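Let's take a walk through this one together, starting with charged pairs and ending at a bound molecule. Have the viewer open and follow along.

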Amino acid sequence: PRTGLAAELRGLEGAQYGRYKSLTGRWELPGGLVLELVRGQSDPYAPPARVAVHVPGGQAGLPAELWATPTRRRALASYLARGAARAVRGEKALRVDAGGQEVLERSSCTVSGDDGSVVLRLGVALPGHGRRIDGREAERLLCQVLPRAAERTLVYAALDAGQVRRFVETVEDSVALRDALAGRGLVGFVADGAVLPRRSGVDDRPAAGGGVVPFAAPEELRVTVELPHAGAVTGMGVPEGVNLVVGGGFHGKSTLLRALETGIWDHVPGDGRELVVSRNETVKLRAEDGRRVERVDVHAFVDHLPDGSDTSDFSTENASGSTSQAASLCEAVEAGARVLLIDEDTAATNLMIRDARMQALVAKDREPLTPLVDTIRSLHRDHGVSTVLVMGGSGDYLEVADRVVMMDAYRPSDVTERARQIAAVPTGRHAEAEAFPGVVARVPDPASLDAEVRGRSRIRARGEDVLSFGDHEVDLRAVEQLADPRQVTGVGLALELMVRRSMLDGRRTLSEALDLLEEMLADGPTWPLLTVRDEDFAVPRRFETAAALNRIRGLRMLR
Ligand code: ADP
Ligand code: MG
């Protein structure tokens, strides 16, 4: 690294703004930190410059056990990023992306598994007087504010050791709990005492106050899991199979499902959902009318359309609520989902149910839709795909559910036995399908993706839930398990990586390409994505990446 950054910046006072670019590269600062200008800023209105602060392992002094495993490194880095973000909060020009309630792998901070060194990456709006360099202010930001913040928040001696440890252990317990699910035949776990409701629809912190009812598992579903740090924890185990959540409106059904939905991610201490987990292969589904569908076999749910189209190879630019949900279900299973979550609030009613009276009135050959109630058992029995369904409005699922949990004033009880008795009385409804036939593996056509990437990348996150991919805007609002707006950037980078590294080669199925992506991201998922572009991003799962790909309007599939 070069030295003398402060003098250099003072020397640039009043120079053309573009001269900032001459500073690109690594600079050693007096304290021993290395400041790297990764990407300059061409003018005062351009996106901020990218700066990395490198803290050598010896200087960070982080005890090796805090960064001994990928999980601990992710947790530790998340903790450090949060501290750094707080330390520079008063400085508008500096922005550290620390994230919210979830502890995600993100680019803003990484800890090396080799030597415990730390890298903090942030955006810096380089200061100017109009189009001239403000060298003094740049010196203050880069040579004083930033190094001081780093020394106060990235160096172990300056940290609250107990708090760091608790953060890391909390995340490690969540991961251990999630990893324990499959071996016990569970798809999810909600700990006794967990706080599920959030402050508001736009504030993901835990609800506070006297009205909050902490979770308490029903006796029949209570299980105990031994965790490395918390010891024995009890809670509700959600078994594999078909699970139904019933109960009156406003009694907490959707809140429970949403907790399971985000149980694929780990949460910060104090969140209330630290010990609410679900299997990694859990996918939330919903209706999404208007979405595009490209060559999905949806005939298990949709057949004999009035226009005669072949629904075993179904495409549309404008799906209905029911066909969109059918397609999303098949796509999720194609991508490897093992658990599906569906809430009546956001599901297409006509894909969920068709009761005896409607069967009597509308003959099957006039109704293209086969409701999920008729294939949901086969999904589990024949394909190993479990479901958790919130359904307070129809009793037809009582017949097919393995478990029925009733929410009553936010308290769950196991009403499976009672539900069986009720379901034993025939309604006159008859099944409309014998089995779920499985999904057809599709092969993405790289030509339909490549053209839009060649030369300069045209993949960018727009706002919180739109990804622009070439000429297309991919609407990700219905991909509800994206927990963080920066994951949209992560999805874009993952897709770009898949294209650039020819994982989508016109022969591999989508699922095989996702396997390759996962393999590449297996140890240190931020690094391969950083080679695409140095930006603030958080790492998504294969399912969110697949969901985005499936929604690109230019995408073509080979089959
Ligand atoms: P449902 O889906 O059964 O209609 P919701 O899950 O939407 O009900 O919950 C209704 C309201 O109750 C929401 O405002 C939610 O935040 C609140 N709520 C949910 N669970 C709890 C709880 N355990 N304690 C206090 N309030 C809760
Ligand atoms: Mg609801």
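Before we start, a word on "buried": here a residue earns that label when its relative accessible area is under 20%, while over 50% makes it exposed and anything in between is partly exposed. Keep in mind, too, that you're looking at a predicted model.

With that cut-off in hand, go to R198 and D271. Both R198 and D271 are buried, and their side chains meet in a salt bridge, with N to O at 3.0 Å. R198 sits in strand β10 (residues 198–200), whereas D271 belongs to the loop between α6 (253–261) and β15 (276–278), so this pair ties together parts that lie 73 residues apart in sequence.

Next, have a look at K284, whose partner in a salt bridge is E261, with the closest N and O atoms 3.2 Å apart. Again distant parts of the chain get linked: K284 comes from strand β16 (residues 282–285) and E261 from helix α6, 23 residues away. How buried are the two ends? K284 has a relative accessible area of 10%, so it counts as buried, and E261 is buried as well, at 6%.

Now swing over to E139 and R10. Their side chains form a salt bridge at 2.9 Å, N to O. This one connects helix α4 (residues 135–153), home of E139, with helix α1 (residues 5–11), home of R10, across 129 residues. The two partners differ in exposure: E139 is buried, at 12% relative accessible area, but R10 reaches 39% and therefore counts as partly exposed.

Not everything comes in simple pairs. R50, R121, D534 and D536 are joined in a network of salt bridges. Across the whole structure, a search turns up 52 salt bridges, so there's plenty more to click through if you like.

Finally, ligand 1. What surrounds it? There are 13 residues around ligand 1, and the closest are V213, F250, K253, S254 and T255. By type, the shell splits into five nonpolar residues, seven polar ones and one charged. Zoom in on the oxygen atoms of the ligand. An oxygen of ligand 1 lies 2.6 Å from an N or O atom in the side chain of T255, and the side chain of K253 likewise offers an N or O atom 2.8 Å from a ligand oxygen. The backbone joins in at G252, where a polar atom is 3.1 Å from an oxygen of ligand 1. As for cover, ligand 1 on its own would expose 560 Å², and the protein buries 77% of that.

Terms used. Residues numbered from 1 in each chain as written. Chains lettered and ligands numbered in written order. Predicted model: local features only at pLDDT ≥ 70, side-chain atom pairs only at ≥ 80, totals over all residues. Heavy atoms only, no water. Salt bridge = Lys/Arg side-chain N within 4 Å of Asp/Glu carboxyl O. Helix = DSSP H or I, 4+ residues; strand = E, 2+ residues; numbered from the N terminus. Buried < 20%, exposed > 50% of the residue type's maximum accessible area, 1.4 Å probe, protein only. Near = heavy atom within 4 Å. Polar contact = N/O pair within 3.5 Å; in protein donor to acceptor, adjacent residues only side chain to side chain. Areas by Shrake-Rupley, 256 points an atom, 1.4 Å probe, with all protein chains shown as cover. Nonpolar A, V, L, I, M, F, W, Y, C, P; charged D, E, K, R; others polar.
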